[in-house]
Each structure stands twice: as structure tokens, then as C-alpha cells.
Amino acid sequence: MPSGTLVIIACSEPDTRIDPSRFFNLNSSGNTRVVKTAGGRAGTTINELNAIDRATSIGMIVVLQHIGCAWSPGDTEANIRSDVSTINNSPHIRNDIPIIGYSLDAITGRLKEVNIQDEAARQQVLQEFHDFAPFWG
């Protein structure tokens, strides 16, 4: 894994089906942080992301939200795209941090990647973070 911390923003709902460690290989590196927020919404994480980046340098951010979340109503994929935009547009977050979004169906346990960036950038991120390896259901 390249230098830098993998940060996963996920829902703080106390439902064990939403636990990111069930879907991502978080044991591959001790350099992973899971930031839990209501609905997995990223807008409230800007200060925390900034602090993590200053302390350990963020290598990649994953925005993970689940379908049917009561704390984040509406279209899950649209919410993910909006949150990625919020992070990208923040003057407090480096704009060279790659971000990948995933929509989770908590009932079936399936993840769906929400493509946020161009395919070449996506492939580069996934190659660099090869230990990240989402567990596809």
C-alpha cells in the first residue's frame, strides 16, 4: 500500500450489516481510519479529514453509504456524488486525494461502486491500494 492513510466514511447506524470491515480488507494495513457519521454523509467530516491528513497524510478516501438509510434519505448514489463533490471543493482538503464511492445494499450485502473519477485515475488508485480489495458479494 502506498504511503498514506485509507479513510472510510461510513454510516454510524448501529446495524452490524453496515460495518465496513465486513466489506473491505481493513486488516491489510494498520493505516486505516473509519470515520462514522449520520448517514455516512461526508459534509460533517471535513475538519476530521483535515486533521487525519495533517497527522498521517491521506492516501485515499472511500465514501460508503447504504441504501434506505433513514439518516440520509434520497438517492444513495446522488448523495455519494454530492459528498465527493463537497470533499473535493473544500479548501481544507487536498484536491489530489483520490476518492471512491460505494453504495451498499445492507440486505443483500452487495456493494456497487459509484464511479466518481475517470477510469484511468480509478485504475491507478485501485492498483496503488491493491490491499484495499473490496469484498464483492
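This report describes the predicted model of one protein chain, from its overall make-up to its strands and salt bridges.

## Confidence in the model

Because the structure is a prediction, its confidence scores come before its details. The average pLDDT of the protein chain is 83, and 80% of the residues score at least 70. Confidence varies along the protein chain: helix α1, residues 46–56, has the highest mean, at 95. Helix α3, residues 119–128, has the lowest, with a mean of 67.

## Overall make-up

The protein chain contains three helices and five strands. Read from the N terminus, these elements follow the order β-β-α-β-α-β-β-α.

Of the 137 residues in the protein chain, 47% are buried. The accessible surface comes to about 6700 Å², and carbon and sulfur atoms account for 48% of that surface. Among contacts with a separation of 6 or more, 73% join residues that are 24 or more positions apart.

## How the strands pair

Strand β3, residues 58–66, pairs with two strands named here, β1 and β4. Strand β1, residues 5–11, runs parallel to β3 and is joined to β3 by five bridges. One residue pair shows this pairing: T5 has I58 in β3 as its bridge partner. Strand β4, residues 99–105, also runs parallel to β3, and six bridges join the two. Here H66 stands opposite L104 in β4. How much of strand β3 is buried? Nine of its nine residues are buried, so the strand is mostly covered under the cut-off of 20% relative accessible area.

The path from β3 to β4 includes a helix: β3, α2 and β4 form a right-handed β-α-β unit. Strand β4 is in turn joined to β5 by five bridges, but these two strands run antiparallel. L104 takes part here too, with L111 as its bridge partner in β5. The hairpin of β4 and β5 has four residues between the strands, and G109 in this hairpin takes a positive phi near 80 degrees.

## A buried loop residue

T45 lies in the loop between β2, residues 32–37, and helix α1. Is this loop residue buried or exposed? T45 is buried, with a relative accessible area of 1%. Leaving aside residues up to four places away in sequence, T45 touches I9, V35 and T37.

## Salt bridges around E77

Side chains of opposite charge can pair when their charged atoms come close. The structure holds five salt bridges, and E77 takes part in one with R81 and in another with K112.

In the bridge between R81 and E77, the closest N and O atoms are 3.8 Å apart. Both residues belong to helix α2, residues 76–89, and because they are four residues apart there, about one helical turn separates them. R81 counts as partly exposed, at 41% relative accessibility. E77 is also partly exposed, at 24% relative accessibility.

The salt bridge between K112 and E77 has an N to O distance of 2.8 Å. What does this pair tie together? K112 lies in strand β5, residues 110–114, whereas E77 lies in helix α2, so the pair ties together parts that are 35 residues apart in sequence. K112 counts as partly exposed, with a relative accessibility of 46%.

## A network of salt bridges

Which residues are linked in a network of salt bridges? They are D53, R94 and D96. Within this group, the side chains of R94 and D96 meet in a salt bridge with an N to O distance of 2.7 Å.

R94 is partly exposed, at 32% relative accessibility. D96 has a relative accessible area of 53%, and because the cut-off for exposed is over 50%, D96 counts as exposed.

Conventions
Residues numbered from 1 in each chain as written. Heavy atoms only, no water. pLDDT = per-residue confidence, 0-100. Buried < 20%, exposed > 50% of the residue type's maximum accessible area, 1.4 Å probe, protein only. Contact = heavy atoms within 4.5 Å. Areas by Shrake-Rupley, 256 points an atom, 1.4 Å probe, with all protein chains shown as cover. Salt bridge = Lys/Arg side-chain N within 4 Å of Asp/Glu carboxyl O. Pairing = 2+ DSSP bridges. Right-handed = clockwise from strand over helix to strand, strands pointing away.
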